[in-house]
Amino acid sequence: MAIASLFLSVLVSQWALPSIRAQDTPNDGGKSITIRWQVPANLPVENLILERREKSGEVTVIASLPLGETGFTDEGVSDGKRYQYRLGAVSGADTVWSEMSGWVQSSPQFFNWARVNILIAMLVFFALVIYFIEHAKAGRHLFVRRIAGLDAVEEAVGRATEMGKPIVYVPGLGSVADIATIASLNILGEVAKKTAQYDSALLVPNRDPIVYTVAREVVKEAYAQAGRPDAFKADNIFFVTSEQFAYAAAVDGLMVREKPATNFFLGTFWAESLILAETGATTGAIQIAGTDSVFQLPFFITACDYTLIGEELYAASAYLSREPLLLGSLKGQDFGKLLIMVIVIVGSALLLLSKIPALSFFQSIISFFNVS
Amino acid sequence: MNLLENLLRIDRKIIFIVMAVLVLFPLLKPLGLGVSSGPRAKAVFDAVDAIPPGKTLLISVDFDPASMPELYPMLVALMRHCFARNVKVLLCGLWITGAGLADKAITEIPPEYGKTYGEDVVYLGWKAGVDAVILGMGENIKNVFPVDYYGHPLDSLPMMREVTRLKDIPFMVAISAGTPGFSDWLLYAQSRYGMRVGAGVTAVSAADAYPYLQSGQLTGLLAGMKGAAEYEVLVQKNGYSKAYMPAVAAMDSQSLAHIVIMVLVIIGNLAFFATRRKRR
Amino acid sequence: MHISTNIWTWLAVILTFGIFSFLYKDNPFYKFCEHLFVGVSVGYTIALTWYNSVYPDLVTPLFREGRLLYIVPFILGLCYFCRFIPKVSWLIRLPMGFVLGWASGVAIPAYFQTNIIKQIQGTLLTPAIFAHWDVFLWALISFVGVICSVLYFFFSREHKGVLKVASETGIIFLMIGFGASFGYTVMARMSLLIGRFQFLLRDWLGLIK
Amino acid sequence: MRRTIPLAICLGMGIIMMAQFFIPHPVSVAFYDLTTKWIRIVSAFALVLGVGSLILYHIERLQRKRPGWIYSIVTLTALLITAFIGLVWGVKPGSPLQEILFKNMLVPLNASMFAMLAFYMASAAYRAFRARTKEAALLLIAAFVVMLGMVPVGAAIWGKLPEVAEWVLSVPNMAAKRAILFGVALGAIATSLKVILGIERGWLGGGKG
């Protein structure tokens, strides 16, 4: 028996043996072992079979695979038991076996290292947002540039007061849970202060009962701050209906009847934005729109004189209200964007440099952004 | 120049009538303008074509009656493509209004290819809780859908024996009219379970899908009725179906409607600039 | 041409014209259809939620199989009813806190993974761009486009000097992006109208296949 | 007490679920499975909020005889009848809920509501979409290119047009949409973080006190 195996091993040694390596599958919940192997090119092989041996000596063939495969994940194992693997290169009747792999044991991990890039990104961005919110709460000055849209708002209100015509302010169709609605109500306060000074009519039709009550308080407060509490007319701020298209039709009727000099559409909008903007445009009024509803922006941009695009609406309300929560998260997001830009620029530069053989190790940067 | 001025004051209802006539006419008398094909629809077709017979294509039916004209033909064309190649089809849904539409497809399409429910096609039904549903299906479909839409326990369906979780499914197409939709399948199914995702979307959100195509997250895109028509043509050209193609038939009206919109915008702007120059 | 004899199809046709009557002007027929729509859709949601969620996910495990652990979500869910009982209406915050906390906790990592890190990877320029002149040019234009468009939404510094040039380039990309969405939205709206006409011509009047 | 407990639940769930994302251990996966089942139950109950406030709104409009109160009767009866039919005769295909209420009422009403927009698109195209600013002009040009690229007529005008439209979509449009994606993702993450940490307490306002 010994001679035969000696003879076989001599014969086999001319052909290099397939090499095999088994390890506990990383970053997983256990019960899984990953096996990798290389089959030497000169070895005649039709297909591969993978054998598993347990401590008790029991041997089972767990997989037969086509030639091209270079790995297999064995998920039929239980944690805590030890296993050995070997790969057989089958061609015709005989099989060339690889060395037996070392003993390996599967176990669950407590941290998924493949997601460490997400953890870093999370911690960095959290630090930014919290830092700026605390900064704002402590009352320290946080610079936010004046949005060009605010000049357009001022101009439009000035035009209405000169012509002595009313202003229609639509705070959007969203609820108080929408950030855009809150931003719109902040800007409404600012517009109301101006109409209070020049005593021109400010009409605010609402679609959401809660937004209606908040809007009325905002305007009343603004008139008081402008020193004209008497000029405040409560019934200029009114609830119309909660049905989307009925609301749009009612506001259209209002714009055609009152012939306002300026229309404001600031807040959350859906498909009815088209109906509002079109009728407003045909009455010849100056129209200022602003929404984070990306789908409606194309219509507002072409139908209105000025449009606050997405986050510009938030920036405008943060600029006006100086409210710490708004300012803090706006600044945090600003620096988050800056960080992304720096990563993209520096990352690209290094990756392009990796074309130079000496610096080719930079190529691994791209894999840092893999997600699994 | 008062011609342009009263051009501007045309009553809205006249434009409505012009629109209605131009859309209705080609439906009655097809003009046969045909459909130009693009790379994005071909990418979805090739991915479905690559699914080996016996394996399963997952389709998430996340749309409603309003978006049926654009998205329902996609569902039908995808099912015909699979059945013609003996690929099994598994339907599920994140939209409550998708339930009735998936059921309509299940009753109409499988009989065309002699496919039986439970062996070649299963509809799991609709479930609330978007991320919970997708992540639950990743671990074990039975956790989320103990019974299918028709009340059969999953174990009683032969097809569901070898499809227990998302990893057993080589490719999926999320047909979505908004949120929840394909972005949720990317957010939860792809990032956690490595699911290969194609998308069929209404034209409104088609342009927003391009960042996901470029980053390789999305494998192909069917964009609106044109995407549906392109897929119908691909399925027919490859001999997988000879059935009537509703999306292709409607593309004539689309073409006319597009031309009308462009002409209206041009005239509107000419009149606008003419009167503005006069007023200055 | 054979007009449908199914009264339900006729009902669908009447409702379709009811909604379209809004094009002429807002009228009682339209108001009736719109309110009917709100009522039917909410009623439909109630029935489907019971049969597809509440019954199989809660009633079966808790009451039929007696798995008592399901009492916790059951009680949390019941708290939503307190919204309409003034004295204890604050209890609604318990399920809301549970759902909001869970959803935010699940969303944050997923957002980073899919919308930020993966998109950064997609934006990075790799040596692969040198493969062909147009691959190189388009990659460069996209790269500049992403950076300038993001800088347009940068609010912490006045848009002067380099930042002004960047944001003016950014707005060009944004406008092209909105133009693309505009084009597709036209097709979307038309598809819906074509769908309605197909219903009227085929299912109602039987004029087309 | 009425605020700290919900905030504590929200904070706890948020942090646990964020941590769970990074822990592949079976215990963490089992916890995840359990909470996803609970969330599905609780979010099904949340429907109570939407339906409850809708019913209250219409009942109040009925009692106060506000303008259009008769239409509230339509909504309320439609809601009750649909829910009743759905709950009694089931939601399975072929049930009256699906065959009549869904197929012949919900579908035509929903589809017609959106189909109507195609008409408004046409009138707005004529009366409102103006190249009044540089940006709006650029938007309209991009829209024209994309629209022509989609319909065979475009290819007839110039063979390369579909390719140009595809380029507009996959280069400038992609860059702009990716920039918007970054902004929206950071905004959503910041908001979710503020909710978890109890900085953003708007949702607490749901109940009294």
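1. Nonpolar core. In this predicted model, the largest nonpolar core counts 333 residues. The members that touch the most other members are A277(A), I59(B), L75(B), M172(B), A122(D) and V146(D). Helix 5 of chain D (residues 96–127) contributes the largest share of this core, with 21 residues. A second core, separate from it, holds 14 residues, among them A22(A), I35(A), L48(A) and L50(A).

2. Surroundings of M172(B). Which residues does M172(B) contact, once its neighbours within four places in sequence are left aside? The run L57(B), L58(B), I59(B) and S60(B) is on the list, together with W185(B), M195(B) and V197(B). I59(B) thus appears here as a contact of M172(B), and I59(B) is also named with M172(B) among the residues of the largest core that touch the most other members.

3. Domains of chain B. Chain B is split into two domains: domain 1 covers 2–25 + 255–279, and domain 2 covers 39–248. The centres of domain 1 and domain 2 of chain B, taken over C-alpha atoms, are 40 Å apart.

4. Interface of chains C and D. Here 97 residues of chain C are in contact with 103 residues of chain D. On the chain C side, at least two residues come from each of helix 1 (7–20), helix 2 (28–64), helix 3 (71–78), helix 4 (93–123), helix 5 (133–152) and helix 6 (162–204). Helix 2 of chain C gives the most, 24 residues. By residue class, the side of chain C that touches chain D has 66 nonpolar, 25 polar and 6 charged residues.

5. Fold of chain D. Chain D has 9 helices and 0 strands, in the order α-α-α-α-α-α-α-α-α along the sequence. Its radius of gyration is 26 Å, whereas the globule rule gives 17 Å for 209 residues, so chain D is more spread out than a compact globule. The C-alpha trace of chain D spans about 65 × 55 × 40 Å along its principal axes. Of the 209 residues in chain D, 53% are buried. Among contacts in chain D between residues at least 6 apart in sequence, 21% join residues at least 24 apart.

6. Confidence. The model has an ipTM of 0.83 and a pTM of 0.84. The average pLDDT of chain D is 87, and 97% of its residues score at least 70. Among the elements of chain D, helix 4 (residues 69–89) has the highest mean pLDDT, 94, and helix 7 (residues 152–157) the lowest, 81. Predicted coordinates should not be read in detail where pLDDT is low.

How values were computed: Residues numbered from 1 in each chain as written. Chains lettered and ligands numbered in written order. Predicted model: local features only at pLDDT ≥ 70, side-chain atom pairs only at ≥ 80, totals over all residues. pLDDT = per-residue confidence, 0-100. Helix = DSSP H or I, 4+ residues; strand = E, 2+ residues; numbered from the N terminus. Rg over C-alpha atoms; globule rule 2.2 N^0.38 Å. Buried ≥ 20, exposed ≤ 12 C-beta atoms within 10 Å, placed from the backbone. Contact = placed C-beta atoms within 7 Å. Domains from an automatic or database assignment. Nonpolar A, V, L, I, M, F, W, Y, C, P; charged D, E, K, R; others polar. Core = buried A, V, L, I, M, F, W, Y, C linked by C-beta atoms within 7 Å.
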